[in-house]
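Colleague: I'm new to reading protein models. Could you walk me through a few features, one at a time?

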Amino acid sequence: MGMRRAAGARIIWTIAAVILGTVAVSAHVGSPDVYFEGDAGPYRLYVTVRVPQVIPGIAEIEVRSASPDVQKVEIVPMRLSGAGSNFPPTPDVAERSKQDPQFFTGKLWLMEFGALKVRVHVEGSKGKGELAVPVPAIVQKNLPMERSLGGLLFALMLLLALGMVFIAGAAAREGNLEPGQEPTPARRRRARIVMAVTAVIVFGIIFLGNTWWGSEARSYAGRIEYFKPPLAETQLENGNRLVIRAKAQDERWARNVKMEELVPDHGYLMHLFLVSTPGMENIWHLHPQRSGESFVEQLPSMPAGKYEVFADIVDNNGFPWTLVGQMDLPVVNGKVLSGDDANWAGAAIGASGADASGRDSAAAKLEDGGSLVWEKPSGAIEANTALDLKFKVLDRDGKPAKDMEPYMGMAGHAEIVSADWSVFAHIHPAGSVSMAALELANGGVTGEGGVLPSGMAGMAMPAGPLDPEVSFPYGFPKAGEYRIFVQIKRGGRVETGVFDARVQ
């Protein structure tokens with residue numbers, strides 16, 4: 001009985017392990033939800049996808065229209081690419097808020113792991129419009145079932161199993177007796193044999209079920225390992241030649257994600273960020289070149305110290321990954337930064353950036369004497385809340401800058417890093433999605449040069465100088481201290497403004 005009870009308990013606990021879990025998207029370490037801003041035809045939309053805690057699981061979708069002329073919003077989940085991306089299921093109609101007619105909410109089942117997308121179809125006074133938002137769907141860990149619920153389910157399973165045994169015995173012993181007739185000794189012996197055989201069959205089924213669920217649990221755990229952020233292995237050669245290799249925490253990752261098949265994002269196969277630890281006094285945004293299965297970067301001059309490594313790549317299915325690691329560097333005498341490479345050096349997080357009242361500063365000085373001003377929310381910044389991080393670019397005279405240029409095809413880039421290093425997100429004015437994945441989601445094909453169609457949602461750049469304002473849709477995933485690095489391009493030069501934020 002003890003062995004049978006243990007087997008039954010394992011089935012229940014395994015089912016719980018598959019059903020329950022939490023999610024953390026590998027593309028943005030520790031930042032699971034997806035934030036997006038773009039155009040669905042004539043309508044400007046702000047979309048938030050709250051990734052479910054399990055896959056399969058229910059995602060919560062929030063859609064806000066910038067104008068009041070949207071009357072209907074339909075949402076549907078699909079594969080990002082391949083055959084599943086062309087045959088959508090029946091869409092769900094998002095519910096319109098009674099308090100805010102420009103706000104719509106809905107829920108969708110995400111049934112698969114990997115690179116998915118949520119297609120949003122809108123109708124209003126200006127006609128119809130459509131866009132698709134990439135959603136990386138993974139599970140990170142399992143959560144155990146409550147012991148009280150497990151005990152209840154085990155008791156019910158045991159009751160059903162014993163009930164089947166006794167029902168089979170009663171049928172063999174008394175199944176065709178006349179009313180009032182007593183079973184003979186032969187019938188009683190046959191009933192005991194039937195009960196024994198039935199018990200073997202029933203508990204054999206339980207054993208096989210436990211074995212099957214154990215196999216499913218191991219497979220599920222393998223998926224968890226597969227989607228953990230790969231490690232960035234680094235090696236310094238010849239004083240300033242940095243070699244980066246990806247080392248997955250699951251051996252299947254290396255078989256499925258080929259370095260020679262990566263999709264360029266903003267024209268580069270890898271975006272490498274080196275952040276000094278512990279204070280984040282320095283950051284470098286570099287773009288290594290692929291060399292076989294490795295990436296190589298000739299480092300600029302850098303001070304000695306320990307650095308956190310974050311390397312963004314996108315596989316050929318459109319799934320974005322962030323390689324993570326650490327490295328110790330000696331003093332590096334390297335090349336002069338050029339092109340899209342950039343760096344910043346300043347005070348440690350928490351050591352500056354606060355005014356006399358103790359609030360984080362809303363202005364950051366730029367190298368040319370201008371400044372970047374954060375239009376901060378009036379109240380406290382709360383975790384898991386969709387925000388529009390808005391910044392104004394001023395010249396050295398305090399006037400709106402007139403020399404703003406696209407930086408890798410965007411009005412700006414931002415990196416958000418938590419003080420405990422558990423959160424890293426590389427975001428853009430279109431949001432937290434990868435631009436390469438966004439192109440795939442909306443039907444584009446990325447070439448080796450990473451050129452994106454000018455009419456794609458959130459990607460069109462006007463001719464001439466850009467507006468001196470840049471914004472980033474995002475939501476901080478948890479409370480704590482964060483540093484925000486905002487990068488823009490002016491007059492052919494990349495500049496970085498840095499802000500510290502407290503999130504409640």
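Colleague: Okay, which side chain does Lys335 meet in a salt bridge?

Modeller: General idea to begin with: side chains of opposite charge can pair when their charged atoms come close. Here, Lys335 pairs with Glu297, at 3.3 Å from N to O. Lys335 sits in the loop between β19 (320-329) and β20 (342-345), while Glu297 is in strand β17 (residues 294-298), so this pair links distant parts of the chain, 38 residues apart. A salt bridge here is a side-chain nitrogen of Lys or Arg within 4 Å of a carboxyl oxygen of Asp or Glu. Strands are DSSP runs of E with at least two residues, numbered from the N terminus.

Modeller: Before we go on, this is a predicted model: local features need pLDDT of at least 70, side-chain atom pairs count only at pLDDT 80 or more, and totals for chains, interfaces and linings use all residues. Residues are numbered from 1 along each chain as its sequence is written, and side-chain values use heavy atoms, leaving out hydrogens and water.

Colleague: Is Glu297 buried or exposed?

Modeller: Buried means under 20% relative accessible area, exposed over 50%, and partly exposed in between (1.4 Å probe, protein chains only). Glu297 has 3%, so it counts as buried. Its partner Lys335 has 31% and counts as partly exposed.

Colleague: How many salt bridges are there in the whole structure?

Modeller: The search finds 23. One of them joins Lys478 and Asp420, at 2.9 Å from N to O. Lys478 lies in the loop between β27 (469-474) and β28 (480-490) and Asp420 in the loop between β25 (413-418) and β26 (424-427), so the pair ties together parts 58 residues apart in sequence. Salt bridges can also form a network, as with Asp368, Asp403, Arg490 and Glu495.

Colleague: What about cavities: how many are there of 30 Å³ or more?

Modeller: A cavity is a set of points, on a 1 Å grid over the protein atoms alone, where a 1.4 Å probe fits but cannot get out; lining residues have an atom within 4 Å of a point. Grid points are joined across faces, edges and corners, and a volume is the space filled by probe spheres set on the points. The count here is two.

Colleague: Which element gives the most to the lining of the second largest cavity?

Modeller: That's β10, with three residues. The volume of this second largest cavity is about 40 Å³, and its lining residues include Leu80, Val135 and Phe319.

Technical notes
Helices (H or I, at least four residues) and strands (E, at least two) are DSSP runs, numbered from the N terminus. On a 1 Å grid over the protein atoms alone, a cavity is a set of points where a 1.4 Å probe fits but cannot get out, and a pocket is an open set with protein on both sides within 12 Å along at least five of seven lines; lining residues have an atom within 4 Å of a point.
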